[in-house]
Amino acid sequence: MTELTDLSTLLLSRIRDVADHPEPGVMFKDITPLLADPAAFSALSDALADIARDTGATKVVGLEARGFILGAPAAVRAGVGFIPVRKAGKLPGATLSQAYDLEYGSAEIEVHAEDLSAGDRVLVVDDVLATGGTAEASLQLIRRAGAQVAGLAVLMELGFLGGRARLEPALDGAPLKALLTI
C-alpha cells in the first residue's frame with residue numbers, strides 16, 4: 001500500500017491546477033509538468049505497464065491525444081503492441097469508426113481495421129476519465145473489431161462527473177483502474 005501511496009503522492013505533486021481553463025468555472029488538471037519530470041513519467045509508465053500485464057492485455061489502445069503519450073510507453077514496457085484511436089478522418093486506409101454523443105453535439109473516433117483481431121485483449125489508456133463518452137465509444141469500437149476488452153486504465157478519474165457508472169455496463173466485468181481519483 002505504501003508503494004501506491006508514494007506513486008499517488010508523486011503523480012499529484014506533478015499535476016498543476018489551472019483555474020478557468022478552457023472556460024470559466026473549470027479547474028483544468030494539467031499533466032505537462034508530470035510529463036516533463038522523467039522520474040514521475042517513468043513511474044506512471046511503469047504503473048500503466050503493470051496494469052497491462054495484470055489484465056493480460058496483448059495490445060494497448062491510446063485515445064487521442066494524451067492517451068497516445070501515456071499508452072505508447074506503457075505498451076513498450078509491457079511488451080505489447082500499441083494502437084492509436086484517433087478522431088475521424090485522421091487515419092489513412094481502411095478504418096472502423098464509432099460515433100458517440102457529447103454534451104453539445106457528437107463526435108466520432110476511428111481505428112485501423114487490421115490493427116485489432118479476435119485474439120487480442122485490449123487495454124484502453126487515457127489521461128482522464130470524465131463523463132466516459134470517448135472511453136465508452138472506444139470499448140464499442142474494440143468489440144466491433146472482434147477483440148476483447150481487457151480493461152481501462154487512466155491517470156486520473158474525475159469521480160464527480162460519473163464516468164465510472166456510465167462505463168460499468170460497457171466494461172462488462174473488465175476492470176477500470178484509475179491511478180488517482182479526484
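Helix H3 (38–54) lies across strands S3 (59–63), S7, S8 and S9 in this predicted model, and H3 runs at about 155° to S9. Helix H4 also packs on the sheet, where H4 touches S3, S4, S7 and S8. The direction of H4 makes about 170° with that of S4.

The sheet itself is a good place to look next. It is open, has 7 strands in the order S5-S6-S4-S3-S7-S8-S9, and its pairing is mixed. As a reminder, strands of a sheet pair through backbone hydrogen bonds, either parallel or antiparallel. The edges are formed by S5 (95–102) and S9, each of which pairs on one side only. From one strand to the next, the twist averages 20°. If you go to the S5 edge, you will find that S5 and S6 (residues 105–112) pair in the antiparallel sense over 8 bridges. Asp101 stands opposite Ser106 in S6.

Now turn to the packing of side chains. The largest nonpolar core has 27 residues, and Leu11, Leu44, Leu48, Leu155 and Leu179 touch the most other members. At least two residues of this core come from each of H1, H3, H4, S7, S8 and S9, with H3 giving the most, 7 residues. Leu179 is a handy residue to centre your view on: setting aside residues up to four places away in sequence, Leu179 touches Leu7, Ser8, Leu11, Leu44, Ala47, Leu48, Ile51, Val154 and Leu155. A second, separate core holds 26 residues, including Leu116, Val124, Leu139 and Leu176.

Ser8 appeared among the contacts of Leu179, and Ser8 sits in helix H1 (residues 2–13). Is Ser8 buried or exposed? Its relative accessibility is 17%, so Ser8 counts as buried, the cut-off for that class being under 20%. Beyond residues up to four places away in sequence, Ser8 touches Leu179 and Leu180.

Another polar side chain worth a visit is Glu157, in strand S8. Glu157 has a relative accessible area of 6% and is therefore buried. Apart from neighbours within four places in sequence, Glu157 is in contact with Leu129, Arg164, Leu176, Ala178, Leu180, Thr181 and Ile182.

Helix H6 (residues 163–171) shows how a helix can present two sides. Its buried residues are Gly163, Leu167, Ala170 and Leu171. Looking down the axis of H6, these buried residues fall within an arc of 90°, so they line one face of the helix. Ala165, Glu168 and Pro169 are exposed on the other side of H6. The elements that cover the buried residues of H6 include strand S7 (121–129), helix H5 (133–144), strand S8 (148–157) and strand S9 (176–181).

Follow the chain out of H6 and you come to Asp172, in the loop between H6 and S9. Asp172 has a phi near 50°, a positive value in a residue other than glycine. With 65% relative accessibility, Asp172 counts as exposed.

That brings us to backbone geometry. Most residues other than glycine have a negative phi, and most peptide bonds are trans. Asp20, in the loop between S1 and S2, also has a positive phi, near 60°. What is the peptide bond from His21 to Pro22 like, cis or trans? This bond is cis, with omega near 5°, and Pro22 lies in the loop between strand S1 (16–19) and strand S2 (27–30). Another cis peptide bond joins Glu64 and Ala65, with omega about -5°; Ala65 is found in the loop between S3 and H4.

Finally, consider the aromatic rings. A search of the whole structure finds 1 aromatic pair. The ring centres of Phe68 and Phe82 are 6.4 Å apart and the planes meet at 85°, so the pair is edge-to-face. Phe68 lies in helix H4 (residues 66–78) and Phe82 in strand S4 (residues 81–87), so the pair ties together parts that are 14 residues apart in sequence. Phe68 is partly exposed, at 21% relative accessibility. Phe82 is partly exposed too, with a relative accessible area of 27%.

Terms used
Residues are numbered from 1 along each chain as its sequence is written. This is a predicted model: local features need pLDDT of at least 70, side-chain atom pairs count only at pLDDT 80 or more; totals for chains, interfaces and linings use all residues. Side-chain values use heavy atoms; hydrogens and water are left out. Helices (H or I, at least four residues) and strands (E, at least two) are DSSP runs, numbered from the N terminus. Buried means under 20% relative accessible area, exposed over 50%, partly exposed in between (1.4 Å probe, protein chains only). Contact means heavy atoms within 4.5 Å. Rings of Phe, Tyr and Trp (its six-membered ring) pair if their centres lie within 6.5 Å; planes under 30 degrees apart count as stacked, over 60 as edge-to-face and the rest as tilted. The arc is that of the directions from the helix axis to the C-beta atoms. A nonpolar core is a set of buried Ala, Val, Leu, Ile, Met, Phe, Trp, Tyr and Cys residues joined through side-chain atoms within 4.5 Å. Two strands pair if DSSP finds at least two bridges between them. Axes are lines fitted to C-alpha atoms, for helices over the stretch in contact, and angles run from 0 to 180 degrees between N-to-C directions.
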